[in-house]
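Please read this note with the structure open beside it. Find each residue as it comes up before moving to the next point.

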Amino acid sequence: MNNLWERVQALYGVRSFTGCPDAQIERLREKFGALPQMVEEFYRTAAASEAFRHGQDRWVMPKEYEEKNYLKESEHLVLLIENQGVCSAGVLKQDLHEPDPPVYVTMDDKNWTLCADSVSDFLLAALCYECVFDLPYTTEDCFYEITPKEYSLIKRKLTPLPARIQDWLNFDILLYQNAPDNIVVVLDCDDDLQMLYGAATKESFQRLMEVLDGVGEPL
């Protein structure tokens, strides 16, 4: 888990994180009967950090299970909700006793498909993806359409992160870097490819542009 937080800390440009109150976490455990170790560590270590509130989508906090009826009634542990409520990702009821279970995504709270092989993979991929929308160094155009040839360039020149998200709004989310404090997000839907990127520092952004200058068409 330390490697996860070192990666996230560098990308978000923060010195420390804020966790959720112990009492809220314990009440959530009582509701479900168990919490995965990796989910609990996320809640205790960083989930309430101000930096995580400025992404595209919304992280669900333990206290919300006491306040919102749709979460009170949920059998599954929802971790992240898409900004318009189209889909959400979470841990299934039957997996809550596992230390680092898979994460699934749903659009109707009934049909769930695999989103990430583990909570730790999901946290790394989702936190890096969410960060790109609030990084201080980026381009005027947020999203770019890229060709398979341009994607091959990205894969050849940049380092892939060891985590991905599957089937989020029908896209797979893949992540690349050439410095600890920059990120390239590729959204892949059956070879319909989109890209967005940014960096926490000017120097790191310039490193990205050495690879990405001229790549993609603004959407």
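The points below go through a sheet, two helices, the cores, a hairpin and a few single residues of this predicted model.

1. The open sheet. Five strands make up an open sheet, in the order E1-E2-E3-E4-E5, and their pairing is antiparallel. Which strands stand at the edges? They are strand E1 (58-59) and strand E5 (112-116). Each of these has a single partner strand, so one side of each is left without a neighbour in the sheet.

2. One pair within that sheet. Strand E4, residues 103-106, pairs with E5 in the antiparallel sense, over four bridges. To find the register, start from Tyr104, whose bridge partner in E5 is Leu114. As a general reminder, the side chains of a regular strand alternate between the two faces of the sheet.

3. A helix on the sheet. H3 packs on this sheet and touches E1, strand E2 (77-81) and strand E3 (88-91). The direction of H3 makes about 55° with that of E2.

4. Two helices in contact. Helix H3 (residues 37-45) also packs with helix H6 (residues 119-131); their axes are 8 Å apart and the angle is about 40°. Why is this pair called oblique? Angles under 35 degrees count as roughly parallel and those from 65 to 115 as roughly perpendicular, and H3 and H6 are therefore oblique to each other. On the H3 side the contact is made by Met38, Val39 and Phe42, which meet Val119, Ser120 and Leu123 in H6. Five of the residues in this contact are nonpolar, one is polar and none is charged.

5. The largest nonpolar core. This core has 61 residues. Which of them have the most contacts inside it? They are Tyr43, Phe52, Trp59, Leu77 and Phe122. H6 gives the largest share of the core, ten residues. Phe122 is a good residue to display: leaving out residues up to four places away in sequence, Phe122 touches Trp59, Leu79, Leu80, Ala89, Val103, Cys115, Ala116, Leu127 and Ile165.

6. Another core. Apart from the largest one lies a core of 19 residues. Leu153, Val184, Val186 and Leu208 are among them.

7. Strand E11 and its partners. How many bridges join E10 to E11? There are eight, and the two strands run antiparallel. Asp188 has Leu193 in E11 as its bridge partner. Strand E6 (residues 144-146) pairs with E11 too, in the antiparallel sense and over three bridges; here Tyr144 stands opposite Met195 in E11. Seven of the eight residues of E11 are buried, so E11 is largely enclosed by the rest of the structure.

8. The turn of the hairpin. The hairpin of E10 and E11 has two residues between the strands, and Asp190 takes a positive phi near 50° there. Asp191 is in the loop between strand E10 (182-189) and strand E11 (192-199). Is Asp191 buried or exposed? With a relative accessibility of 57%, Asp191 counts as exposed, because the cut-off for exposed is over 50%.

9. Two further positive phi values. Most residues other than glycine have a negative phi. Asp167, which is not a glycine, nevertheless has a positive phi near 60°. Asp167 lies in strand E8 (residues 165-168), and its relative accessible area of 30% makes it partly exposed. Leu169 is not a glycine either, and its phi is positive at about 55°. Leu169 sits in the loop between E8 and strand E9 (171-177); its relative accessible area is 31%, which again means partly exposed.

10. A loop residue with contacts far along the chain. Where is Pro180? Pro180 lies in the loop between E9 and E10. Pro180 counts as exposed, at 55% relative accessibility. Pro180 and Glu6 are 174 residues apart along the chain, yet their C-alpha atoms are separated by 9.2 Å. Neighbours within four places in sequence aside, Pro180 is in contact with Arg7, Ala10 and Leu11.

Definitions and conventions:
Residues are numbered from 1 along each chain as its sequence is written. This is a predicted model: local features need pLDDT of at least 70, side-chain atom pairs count only at pLDDT 80 or more; totals for chains, interfaces and linings use all residues. Side-chain values use heavy atoms; hydrogens and water are left out. Buried means under 20% relative accessible area, exposed over 50%, partly exposed in between (1.4 Å probe, protein chains only). Axes are lines fitted to C-alpha atoms, for helices over the stretch in contact, and angles run from 0 to 180 degrees between N-to-C directions. Angles under 35 degrees count as roughly parallel, over 145 as roughly antiparallel, 65 to 115 as roughly perpendicular and the rest as oblique. Contact means heavy atoms within 4.5 Å. Ala, Val, Leu, Ile, Met, Phe, Trp, Tyr, Cys and Pro count as nonpolar, Asp, Glu, Lys and Arg as charged, and the others, Gly among them, as polar. A nonpolar core is a set of buried Ala, Val, Leu, Ile, Met, Phe, Trp, Tyr and Cys residues joined through side-chain atoms within 4.5 Å. Two strands pair if DSSP finds at least two bridges between them.
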